[in-house]
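Reader: I would like a close look at a single part of this model, worked through with care, and then some account of how its surroundings are arranged. Please begin with one helix and build outward from there.

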Amino acid sequence: MTGENLIIFGIVVLLLPLLSFVINIFFGKKIGNKSGIVATSILGLVLILSSIVFYFKVFTSFGSKIVHKNNILWEFSDKILQLKFTWIDQQSIQLKVGIGIDNLAAIMLVVVALISFLVHLFSIEYMAGDPRYSRYFAYLGLFTFSMNGIVLANNFLFMYVFWELVGISSYLLIGFWYEKKSASDAGKKAFLVNRVGDLGFFIGIMILYFSYGTLLFDDIFSAIAQGKLPFDSETVLTLAGIFVFCGAIGKSAQFPLHVWLPDAMEGPTPVSALIHAATMVAAGVYLTARVYAMFTASALSFIASIGAITAFLAATIALTQVDFKRVLAYSTVSQLGYMIMSLGVGAYTMGFFHLVTHAWFKAALFLGSGSVIHAMHHAAHHLGDHHTDPQDIRNMGGLRRTMPWTYRTFLFVTLAICGVPLTSGFLSKDGILAGTLAYAQLTGGWHWLIPIAGFASAGLTAFYMFRLLIISFHGEPKTDVAKHTKENNWIILLPLFVLSILSFWFFYSPNPLDAHQGWFPKAIVQPKSVVPDEHQWEFLLINGYQKSEVAPHSSQISHHYLNEFEEAMHHSHYPAMFLSLLIAGTGILFAFLFYQFKIFNPDTLANQFSFLYKLSFRKWYFDEIYNATVVAFTVGFSKVSALFDLKVIDGIVNGSAWITRHFGYFIGHFDNIVIDGLVNLIANATGFFGSIVRYLQTGRVQTYVAFAVTGLVLLIYFLL
Amino acid sequence: MQSSLGFPILTWIVFLPIIGMLLVLLVPLGKDERSREVSHIIMRWITVVITFIQLVLAVVIYLNYNKSLPGVNDVSTFQFVERVTWINANFPIIGQIKIEYFLGIDGLSVPMVLLTAIVCFVAVFPSFIIEKGVKGYFAMYLLLDTGMMGVFVALDFFLFYVFWELMLLPMYFLIGIWGGPRKEYAAIKFFIYTLVGSVFMLLVMIGLYYSVGSFSILDMMNPNNYKPDSIFAGMHTTIRYIAFMALFIGFAIKVPSVPFHTWLPDAHVEAPTPISVILAGILLKMGTYGMIRIAFPIFPDAVGYFQSLIAWVGMISIIYGALCALGQHKVGQRDFKKLIAYSSVSHMGYVVLGLASMRPEGISGAIFQMFNHGTITSMLFMIVGVIYDRAHTRGLDEFGGLANKMPVYTGIMMVAFFAAIGLPGLSGFISEAMVFLGAFNTYPYLTIASGLGIILGAAYMLWTLQKVFFGKLPDRWNKPWDPTGKKFPSDDLIAREYVALVPLALIIIYLGIYPNPMLSLMNTSVNYFVEFMKPFVLIGNFLSGM
């Protein structure tokens, strides 16, 4: 497999879902029920090609080569295979773009392709009978296309372009059932909140374009590495990093822009699994990892803090939610916070690793919830019950018996998200927590809050996940609907199995307790920062560490550390593992004590700490606060503007017209009375004299002769 | 350079509609209902054919246009030039008056010529709905076409002025006769507002003539042509600054920039759909075109002096226009058309901001934005027209769930809406991004502030989308639009609506994916323009203390 072929495979992987979109949007009505199968087959092909790309990129070597042909520059190296070409080629503006496949992209391609394929498959059954069945698959195709674009972009322009396109597909899919106002509201909210983050992203891009005149990652990074800073200022470089990261805050639902993701659960559940759990929301993490080399120490601290706040905040909210999907949504927000936090503290590999493991188990959790909701919905339909909310966990219970396979897979992936050993979640979460510990040790001070938030969230996660599991699956059915649920067919169960199996440790590391022995840390190595040394963390400097014999392909990685951080992380591994197991175990234990054995009553506790309970249940009042401030201000201001325009500006216009008109009337009257009066006066006077004189005009010859003679006499008299 | 096409193509493209107008006027109106209907059909198709030929001519121009020649102030690099003396007379007191029939195009005008031809062609189809005074309507429509096309190809200031005024008259009647309930008010407002701008322009034009001794715009751009001791002689004089502001305001009225914009919402609300399309699609561009063709290069010193003011005007138009558009959901008649009208104010603000940047990216972006706004907003107004023709109302609150009743319409609408929001992959994104990239160079903070316009733009568009297209269909629209099936055989789009909307959608998508064909047209001229302006602008900046 040559590098060129691999890139072409990448392009095919990018474009095939677009084909699915085109087919379903234009011919959807014609192919009708088959559109699901068509789209799923296309995605199957995408999955195969992605796997090939993944295998060859990660496990084989390509050597270095640069080929230039047909105005396209192909660059192959062990790090990245990429092509670059000029998209907008003008003297006034030149924008080079291209696509690149490095290990990060190759792994991400498989994640997107597999989950997208499974979700397509799942949806064939889940969406059956929907009036806009083919439209649904069209949107899924559009989404997969855009997401692959983000993955393959090797420049900010494509990144931004596809960034917006996933935003649109997310908008369309959240509001897929647009007859419901809540659904179209949620779509609108998602898009607008993301736009706020995207504006920041775009400002970051403008700063970089202004400074470097290019948008290719390579070019920008090498320019920074040569010491060229935007506006010659380290602060602006930090700001540029933070602005770009704003995009991630929006897309990955980080504090303070996390509010859109829980509402996004209005979309069909498989969409939640694909877009709002596994892939699109991880795009922010992916972006942060992609441009990791340009973050200064200050920018990384900012990122770590945002991640830690998000992880903790969302975990506290998830504790009290009663909507099945909303619990999972807040859990997603929390886990995304983990990933962001991990990148921020310097545990780059683990942050991305968690993205991958989380993608599998969170997709499984959502598809599991989809399975439950589908069953509840059908049971309610069967019973003719239109009042029972099929998503409210208080209406469930006892599903363990009616839906055994859904339960088993759900249980296993719940263990994975809680970070129980033998699961992939343990490997990645443990790595992140070790990273935060190492970070706090190396930096000290308030940075200790970050591991504290991390560990606290781990405990909360274990608690709320088991709360969800116990309330909905254990005990006795709380409603007739729950009693009459039936296990779904294989189309729905198969994705659950596949994703659950992928959550076993052995895919990633032979040692269930240590991720560092697996292939993943070798494939994903923290990129060398391009920021001037004095502006990055000393402990992250790859060349700054004494024992730094970089050996990416060595099996004895444990003796060679990339940098001081990695060593500290290695040493924190066991304390972190011990602590996280203890905390997660406690969380699970309490969940059982509360909800299974009912030794403590959650309601009494809620009453005792009603303020905290309400704070959690009302999601820290974020929506209320935003509605009362930003939204109210904007809407109010727009109203004032519209009124101002109508009354004041247009008022001035109409006022001046009025004045002109009345001045015109005045002039008119003046004209009529005074000037015309004068004219008429003269005319009248003339007329008056005329009327007098006219008595002389008798019309009789004798009179005229008399006048003539008189005149003549007078003339002679005067002249002589 | 004269192009070897062998015939005066610019004259043809400008005056062809006049021929069409005469043909329309010659069509006899039948006595009875039936023959009257036949003559209406003939008149419509005459207009279709004439505007189509005009479009073909525009494509011929596009294909034969040499992209490496800059134009701007150099007559030898203008293309398809036609230059004869039109009026040359010696008058008592005022002296010699020499006016030329001087046409030619460069990279600044070619996109506008194309846009005019495209929009004039597609806007004929929504005109089919006109039932009253069909003859007068199409005659006026074609006269308007000539006026607009003339503005974009004239290189003699007097001739430019003649075309500018020529356009005014048919527009006045088209709004005033075929408009909505407050048509007289809107038409007079439009007329007087533009006339105020024209007066400014006229005064400056006369001053320039006496300073330069020629009406040629190109002569006016060369400081050496100014007679010593004439009023506009020298650079950076107060009188030149005043003259520039007069021209700028005259053109800003047309754009329209805040605070000279209030004629636009009224004109749009009252104008019939196709006239709204032309108004937003072409007429507004005459304002920004006037800036870049006349005001800026003739008074480059003043551009430098007032540069930040111009950028502020752009920024305020972007944000204020967007806020007013958003406010339409809560205030006033909640008119769909009024909302789109305000969105035009906002989107034309990007053009002004891009021009103010005086950077190649920014100015290319601005001209590209003029073109894109022309296509996108034309679509938006036709989209409003589609439901207005059927439901006879445009209230934002009166609809809902149209997505189910009219799926194809909704799909096409989404292309236009998302293009207006600036979605990548559609043309609006590229021009807005270029404007931002250019303006960021010159005015980083103003540009960041203007970025709020992107968020507000998404807000009012998505809000509209939700109100009109999503949700449940109100019961009153449950029946077919036209139970007889004569006018609207299906609930969704009909053939002539496809013909009008689909080409625009394709242009928007094509230029969004591959903008080079349009950008390369203007590229050489824009770079030349920026280089030509630069020294004056720098001194102007210095003098203004920026």
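Author: In this predicted model, a sensible place to begin is helix 3 of chain B, residues 110-122, whose 13 residues should span 18 Å at 1.5 Å a residue, and because its end C-alpha atoms are 19 Å apart, the expected and modelled lengths agree. As to its surroundings, 13 of the 13 residues of helix 3 of chain B are buried, so this helix is largely enclosed by the rest of the structure.

Elsewhere in chain B, a pair of helices can be described in similar detail. The axes of helix 13 (residues 360-391) and helix 15 (residues 407-421) of chain B come within 9 Å and cross at roughly 140°, and the crossing by which helix 13 of chain B passes helix 15 of chain B is left-handed. On the side of helix 13 of chain B the contact is made by B:I376, B:M379, B:L380, B:I383 and B:V386, which meet B:Y409, B:M413, B:A416, B:A419 and B:A420 in helix 15 of chain B. Sorted by class, this contact between helix 13 and helix 15 of chain B has 10 nonpolar residues, with no polar and no charged ones.

Turning to where the two chains touch, the contact draws 38 residues from chain A and 43 residues from chain B. On the side of chain A that touches chain B, strand 3 (80-89), helix 5 (156-174), helix 6 (181-212) and helix 25 (622-693) of chain A each supply at least two residues, and the largest share, 13 residues, comes from helix 6 of chain A. By class, that side of chain A has 22 nonpolar, seven polar and nine charged residues.

Within chain A, one residue of helix 4 (residues 133-152) can be followed individually, namely A:F137. A:F137 counts as buried because 29 other C-beta atoms lie within 10 Å, where 20 or more are required. Leaving aside residues up to four places away in sequence, A:F137 touches A:S20, A:N24, A:S35, A:G36 and A:A39, whereas A:F137 and A:A183, which are 46 residues apart in sequence, have C-alpha atoms 18 Å apart in space.

A word on confidence belongs with chain A, which averages a pLDDT of 89, with 98% of the residues scoring at least 70. Over residues 554-558 of chain A, however, the pLDDT is below 50, and this stretch has five contacts in the model beyond near neighbours in sequence. Where pLDDT is low, the predicted coordinates should not be read in detail.

Note on methods: Residues numbered from 1 in each chain as written. Chains lettered and ligands numbered in written order. Predicted model: local features only at pLDDT ≥ 70, side-chain atom pairs only at ≥ 80, totals over all residues. Axes fitted to C-alpha atoms, helices over the stretch in contact; angles between N-to-C directions. Helix = DSSP H or I, 4+ residues; strand = E, 2+ residues; numbered from the N terminus. Left-handed = near helix turned anticlockwise from the far one by under 90°. Contact = placed C-beta atoms within 7 Å. Nonpolar A, V, L, I, M, F, W, Y, C, P; charged D, E, K, R; others polar. Expected span 1.5 Å × (residues − 1). Buried ≥ 20, exposed ≤ 12 C-beta atoms within 10 Å, placed from the backbone. pLDDT = per-residue confidence, 0-100.
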